Amino acid sequence: MRASMSRVLVIAAGLLVFAGTAIAEDMKIAVVDLDQAINATEQGKKAREELQGKQKQAEGQLKPMYEKGKALAEEIQSKRFVLSEDALRKKQLDLAEIQSDLRAKGAELEGQFKVDYERLVGPLRDKLLGIITDFGKEQGYTLILERTAPGVIYTKEALDITDEVVQRFNKKG
């Protein structure tokens with residue numbers, strides 16, 4: 001929280017200094033939504049489909065473990081007064097093991113998902129940043145901000161260049 005607040009203050013101070021030096025020239029400012037742009041490109045759509053497929057696979061791997069744990073928990077709950085102390089303790093240990101395995105597998109799959117996301121989306125983001133930079137230079141923009149960046153609270157829709165960036169990205173392939 002404190003780090004993001006100081007980031008906002010640094011950005012604001014930088015903009016004030018920048019604005020002071022750029023008052024003489026016409027400032028042309030734009031915003032772009034990188035996530036929206038990535039999701040709107042053809043390659044971004046393919047990446048999203050692949051990631052959704054991987055997410056379904058991961059859910060498919062976790063579901064049997066979850067169902068097994070759920071069934072065992074229900075069995076323990078329904079038979080806890082009937083089972084011997086040793087049998088109950090063994091089932092509770094089995095349940096704890098299943099829960100531990102489920103957490104470990106979930107963490108492993110989440111880590112793999114992050115790797116897959118960066119592998120698929122990272123190059124798209126880099127390519128988009130290059131296109132945005134070129135677009136900014138060609139169109140004479142003084143400043144292009146990421147819509148979701150800290151410190152950006154409001155922008156006019158007219159400043160948003162996301163659609164133009166997506167069109168250029170799709171043309172370049």
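Q: What follows helix 5, and what is the sign of its phi?
A: Helix 5 is followed by Gly173, and the phi of Gly173 is positive, near 75 degrees. A helix here is a DSSP run of H or I with at least four residues, a strand is a run of E with at least two, and both are numbered from the N terminus. The model is predicted: local features need pLDDT of at least 70, side-chain atom pairs count only at pLDDT 80 or more, and totals for chains, interfaces and linings use all residues. Residues are numbered from 1 along each chain as its sequence is written, and side-chain values use heavy atoms, leaving out hydrogens and water.

Q: Which residues of helix 5 are buried, and why can we say that they line one face?
A: In helix 5 (residues 162-172), the buried ones are Thr162, Val165, Val166 and Phe169. Looking down the axis of helix 5, its buried residues fall within an arc of 100 degrees (taken from the directions from the axis to the C-beta atoms), so they line one face of the helix. The face turned away from that buried side carries the exposed residues Asp163, Gln167 and Lys171.

Q: What covers the buried residues of helix 5?
A: The cover includes strand 1 (29-32), helix 2 (34-40), helix 3 (42-79) and helix 4 (85-139).

Q: Why does Leu128 count as buried?
A: Buried means under 20% relative accessible area, exposed means over 50%, and partly exposed lies in between (1.4 Å probe, protein chains only). Leu128 has 0% relative accessibility, so it counts as buried. You will find Leu128 in helix 4.

Q: What does Leu128 touch, not counting residues up to four places away in sequence?
A: Its partners are Leu34, Ala37, Ile38, Val165 and Phe169, where a contact means heavy atoms within 4.5 Å. Leu128 and Phe169 are 41 residues apart along the chain, yet their C-alpha atoms are separated by 6.8 Å.

Q: What makes the rings of Phe135 and Tyr141 a pair, and why is it given its name?
A: Rings of Phe, Tyr and Trp (its six-membered ring) pair if their centres lie within 6.5 Å; planes under 30 degrees apart are stacked, over 60 edge-to-face, and the rest tilted. Here the centres of Phe135 and Tyr141 are 5.9 Å apart and the planes lie at 25 degrees, so the pair is stacked. By this rule there is one aromatic pair.

Q: Are Phe135 and Tyr141 buried or partly exposed?
A: Phe135 has a relative accessible area of 5%, so it is buried. Tyr141 comes to 21%, so it is partly exposed.

Q: What sits over the ring of Tyr141, and what lies over the face of Phe169?
A: The charged end of Lys28 is 4.7 Å from the ring centre of Tyr141, while Lys127 is at 4.7 Å from the ring centre of Phe169. The rule asks for NZ of Lys or CZ of Arg within 6 Å of the ring centre and within 35 degrees of the ring normal.

Q: Where is Asp160, and why is it called buried?
A: Asp160 is in the loop between strand 2 (143-146) and helix 5. Its relative accessible area is 16%, so Asp160 is buried. Not counting residues up to four places away in sequence, Asp160 touches Val31, Val32 and Arg147.
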